[in-house]
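Reader: I should like to learn how such a model is read, feature by feature. Please begin with the general idea each time and then turn to the case at hand.

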Amino acid sequence: MHDRSPSPAKLTDTERLNRLRLIRSDNVGPRTFASLLRHFGDAAHALERLPDLARRGGASGPGRICSEADAAAELAACRRFGIDLVAPEEAHYPARLATIDDAPPLLAVRGAREVLMRPMIAIVGSRNASGAGLKFAGTLARDLGDAGFVVISGLARGIDQAAHRATVASGTVAVLAGGHDRIYPPEHEDLLAALLEHGAAISEMPLGHVPRARDFPRRNRLISGASLGVVIVEAAHRSGSLITARMAAEQGREVFAVPGSPIDPRAAGANDLIKQGATLVTEAADVVSAVTPIMERPVMLGAREDDEPLDFATDSGNRERIIDLLGPSPISIDDLIRMADVSPAVVRAVLLELELAGRLERHGGGLVSMI
C-alpha cells in the first residue's frame, strides 16, 4: 500500500544547498521557485538571474538573496535536529503533495520517514470540539489506521489531536505551521514526540519560525495536498477546517464530512459541506470505499501553471501593457493574456518579474493582483 514509484532521484549536496538558498530568498515562493527552476534548469542559474529579473520587475533595490553560509548553517541545524530537507523528486516526499501547484520545494521531514510513502487520509475539525466529536474522530482514525491508511492532521487542539492520538501506533503525520522547534500549541510537544516513533512531522518553514495566523492556511494546503481525501469532523461557519476542505476540492482531493446536530453551531460547516456535495461519513468504510478506486491509479505529476514556458525577451511596450492591466483587484491570468494580446509565455515572465520585485500577489484560482 504505497503511493510512489520505485527508484526516486536524489539531489546532490550542492543542488540541495542552492535550492535552499533560492526558496529562502526574498519574494521567492513555491510557484515562483518552480517557474525559475524549470526555466533555468537548476537553482544555481536561477540564483544568478534573481537580481536582474527583480530589477526588470521594478524593484526599488536589490532583494536579499540567501547566502551560501546561511543555507549551510540551516542544513547543519537540521541535521542536528534529525531533520531531512527533501525535494519533490526524492524518496520520503509524499507523492500526492508533489503534484500540487504550490508544493514546497524542500520539505523538512522528521520521524519514521517511511510512513510518508503510504496513502494518507486527513482528519481535521473544530478546536473546540464536543465530546462526541472527539470520540468519533478517534474511532474513525483508529479504524482507518487498522485499514492500512496513515492519518494526517495539523496537531491542533480538538479533532486534530484526537485523530493523532488514536493513530500513534499505526502511524500518523503531523503538519506543522512553524519550524520543527516551534510547536503550536506548546502542550502538544509530548504528543508530537510520541507520534514520531511510528509516524512523522513535516513543515515547509525553517527552524526558529514561530507560526503566525497566515501560516495556518499555508499549512492546511499541505494537509489536503498530501492526502487522498479530507474528512471534516465538526466545523463551524468560518472554521479553518473549511479552508482545508476548499483547498482539497481545488486540488482534486475527495472531501468528506461527518454530519452533526443541526442545533450545534460546531457542526454547521460540516453539514453545509454535505449539502454542497461532500461525501457523508458515518464510518471508516465510507472513506475506504471512496478512495480505493483512486489508489488503483498511479500518482502522476500533471501539467501545472508553473510548467508553462517563460519568455523574458519581450519589449517594454508589452511589459507596460501588462502592468497597466493589473491593479489591486485580482484578475485571472487567462484574462490578462487575452486583454494584453500577447503570448502566455510573455505574460507569465512579466508576472514572475513583478513577483520577484515584491509588487505582485498571487491568489487562489489563478488570480493575481498588484500590491
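Author: The model shown is predicted. Let us begin with one contact between strands: F256 stands opposite T279 in β9. The two strands concerned, β8 and β9 (residues 279-280), pair in the parallel sense over two bridges. Between them the chain passes through helix α10 (residues 268-275), and this β-α-β crossover from β8 to β9 is right-handed.

Reader: What holds for the pairing of strands in general, and which strand joins β8 through five bridges?

Author: Strands of a sheet pair through backbone hydrogen bonds, either parallel or antiparallel. Here the partner is β7 (residues 229-233), which runs parallel to β8 and is joined to it by five bridges. Within this pairing, V233 stands opposite V258 of β8. The route from β7 to β8 leads through helix α9 (residues 240-250), again as a β-α-β crossover, and this crossover is right-handed.

Reader: How many of the five residues of β8 are buried, and what follows for the strand?

Author: Four of the five residues of β8 (residues 254-258) are buried, so the strand is largely enclosed by the rest of the structure.

Reader: In what order do the strands of the sheet stand?

Author: The sheet is open and has nine strands, in the order β1-β2-β6-β5-β4-β3-β7-β8-β9, with mixed pairing. At its edges stand β1 (84-86) and β9; each has a single partner strand, so one side of each is left without a neighbour in the sheet.

Reader: How should one read the two sides of a helix, and which residues of α9 are buried?

Author: An α-helix has 3.6 residues a turn, so residues three or four places apart point the same way. In α9, the residues S241, T244, A245, M247 and A248 are buried. Their arc around the axis is only 165°, which puts them on the same side of α9. A249 and E250, on the other side of α9, are exposed.

Reader: Let us turn to aromatic rings. How is a pair described, and how many aromatic pairs does the structure hold?

Author: A pair of aromatic rings is described by the distance of the centres and the angle of the planes. The structure holds two aromatic pairs. In one of them, the ring centres of F40 and F312 are 6.1 Å apart and the planes stand at 15°, so the pair is stacked. F40 belongs to helix α2 (residues 30-40), while F312 lies in the loop between α11 (284-295) and α12 (316-325), so the pair ties together parts that are 272 residues apart in sequence. F40 counts as buried at 16% relative accessibility, and F312 counts as buried at 10%.

Reader: What geometry do Y184 and F216 show?

Author: Their ring centres lie 5.8 Å apart and their planes are at 65°, so the pair is edge-to-face. This pair too links distant parts of the chain: Y184 is in the loop between β5 (172-175) and α7 (189-195), and F216 is in helix α8 (residues 215-225), 32 residues apart. Y184 counts as partly exposed at 41% relative accessibility, whereas F216, at 16%, counts as buried.

Reader: Which residue lies over the face of F216?

Author: R127 lies there, at 6.0 Å from the ring centre of F216.

Reader: Finally, what does UniProt list for residues 313-366?

Author: The unreviewed UniProt entry lists them as "domain: DprA winged helix". In the model this span is 57% helix and 11% strand, and its end C-alpha atoms lie 23 Å apart.

Technical notes. Residues numbered from 1 in each chain as written. Predicted model: local features only at pLDDT ≥ 70, side-chain atom pairs only at ≥ 80, totals over all residues. Heavy atoms only, no water. Buried < 20%, exposed > 50% of the residue type's maximum accessible area, 1.4 Å probe, protein only. Pairing = 2+ DSSP bridges. Right-handed = clockwise from strand over helix to strand, strands pointing away. Phe/Tyr/Trp six-rings, centres within 6.5 Å; stacked < 30°, edge-to-face > 60°. Lys NZ or Arg CZ within 6 Å of the ring centre and 35° of its normal. UniProt positions renumbered as here; feature names shortened; annotations may be inferred. Arc of directions from axis to C-beta.
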